[in-house]
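This report sets out a few local features of the structure shown below. Please keep the sequence and the model in view while reading.

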Amino acid sequence: EKLFSIPLLPADYETYGALKTVRRLSQMKSLYADQEAADRLLENGDPVIYEVYELPHPNDETDLLVNITVLYPGYVGDEPYMTKGHFHREPDTAEAVIGLSGEGELLVQNREGELRSLKVAAGRISYAGGGWAHRVVNTGSENLVFFAVSGANIVHDYETAAELNFKKRQ
Ligand code: PAN
Ligand code: ZN
């Protein structure tokens with residue numbers, strides 16, 4: 001359905017048929033700097049780092065992707081929990097992140113290697129134009145919940161972004 005109005009809450013998204021993707025540490029371990037700390041965490045289970053709620057949508061250039069992400073608080077060594085991070089490939093279009101609760105940073109890096117950090121908090125919009133790989137880091141002690149909107153025809157390029165190794169600098 002191309003007309004809807006629902007609350008910007010994970011539970012309402014699920015009721016509306018959102019696909020929920022759960023990202024655990026084991027699925028993104030290599031992205032963290034401290035591999036020994038990651039191994040120690042994995043000995044005691046496999047913590048959920050974040051969950052993405054994606055409404056069903058046509059992969060159409062005339063539509064929008066309107067995801068909610070719940071990024072949990074925590075650390076791998078001294079590095080806060082973060083999303084995997086990606087570029088948008090074909091087309092390399094922008095993304096806006098709107099904070100719903102909690103606090104953190106939108107880390108972005110371009111293909112020239114320039115690294116920038118934009119604040120994410122409730123009631124704020126952070127905007128990354130095309131050409132910026134983007135990842136969100138939870139620097140607080142509560143869930144960081146954010147809404148992200150981009151064109152619906154993007155393809156996520158995780159591989160190139162993983163090579164950047166863009167990190168929260170302490
Ligand atoms: C966001 C992200 C979401 C999860 O909706 O997809 O926060 O992060 P990763 O996709 O990097 O695992 C977005 O940027 N969409 O394009
Ligand atoms: Zn994106």
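Is Ser126 buried or exposed? With a relative accessible area of 4%, Ser126 is buried, and this value, like the others in this report, is computed from a predicted model.

**Ser126 and its surroundings**

Ser126 belongs to strand S10, which runs over residues 125-128. Its side chain reaches the backbone oxygen of Lys119 at a distance of 2.7 Å. When neighbours within four places in sequence are set aside, the residues in contact with Ser126 are Glu95, Ala96, Val97, Leu106, Leu118, Lys119 and Val120.

**Strand S11 and its pairing with S8**

Strand S11, comprising residues 132-138, is mostly covered, since seven of its seven residues count as buried under the limit of under 20% relative accessible area. Trp132, His134, Val136 and Asn138 point one way from S11, while Ala133, Arg135 and Val137 point the other way, and all of them are buried. Strand S8 (residues 103-110) pairs with S11 in the antiparallel sense, over seven bridges. One of the bridge partners can be named here: Glu105 is matched with Val137 in S11.

**The surroundings of ligand 1**

There are 16 residues around ligand 1, and of these Tyr50, Thr69, Gly85, Glu95 and Tyr158 come nearest. In the side chain of Tyr50, an N or O atom lies 2.5 Å from an oxygen atom of ligand 1, and a polar side-chain atom of Tyr158 likewise lies 2.5 Å from an oxygen atom of the ligand. For His86, the distance from a side-chain N or O atom to an oxygen atom of ligand 1 is 3.0 Å. Taken alone, ligand 1 exposes 390 Å², and the protein buries 95% of that area. Glu95, one of the residues that come nearest to ligand 1, is also among the contacts of Ser126.

**Salt bridges**

Side chains of opposite charge can pair when their charged atoms come close. The count for this model comes to six salt bridges, and the table gives three pairs, including the distance between nitrogen and oxygen in each.

| Acidic residue | Basic residue | N to O distance |
|---|---|---|
| Asp63 | Lys2 | 2.9 Å |
| Asp39 | Lys29 | 3.0 Å |
| Glu51 | Lys20 | 4.0 Å |

The salt bridge between Asp63 and Lys2 has its closest N and O atoms 2.9 Å apart. Asp63 lies in the loop between strand S2 (48-54) and strand S3 (64-71), whereas Lys2 lies in the segment before helix H1 (10-15), so the pair ties together parts that are 61 residues apart in sequence. Asp63 counts as buried at 15% relative accessibility, but Lys2, at 53%, counts as exposed.

In the salt bridge of Glu51 with Lys20, the closest N and O atoms are 4.0 Å apart. Because Glu51 lies in strand S2 and Lys20 in strand S1 (residues 19-24), this pair ties together parts that are 31 residues apart in sequence. Glu51 is buried, with a relative accessible area of 9%, whereas Lys20 counts as partly exposed at 36% relative accessibility.

The side chains of Asp39 and Lys29 meet in a salt bridge with an N to O distance of 3.0 Å. This pair links distant parts of the chain, with Asp39 in helix H2 (residues 35-43) and Lys29 in the loop between S1 and H2, 10 residues apart. Asp39 is partly exposed, with a relative accessible area of 35%, and Lys29 also counts as partly exposed, at 22% relative accessibility.

Definitions and conventions:
Residues are numbered from 1 along each chain as its sequence is written. Chains are lettered from A and ligands numbered from 1 in the order in which they are written. This is a predicted model: local features need pLDDT of at least 70, side-chain atom pairs count only at pLDDT 80 or more; totals for chains, interfaces and linings use all residues. Side-chain values use heavy atoms; hydrogens and water are left out. Helices (H or I, at least four residues) and strands (E, at least two) are DSSP runs, numbered from the N terminus. Buried means under 20% relative accessible area, exposed over 50%, partly exposed in between (1.4 Å probe, protein chains only). A polar contact is a pair of N or O atoms within 3.5 Å; within protein, one must be able to donate a hydrogen and the other to accept it, and residues adjacent in sequence count only if both atoms are side-chain atoms. Contact means heavy atoms within 4.5 Å. A residue is near a molecule or strand if one of its heavy atoms lies within 4 Å of it. Accessible areas come from the Shrake-Rupley method with a 1.4 Å probe; for residues, only the protein chains shown count as cover. Two strands pair if DSSP finds at least two bridges between them.
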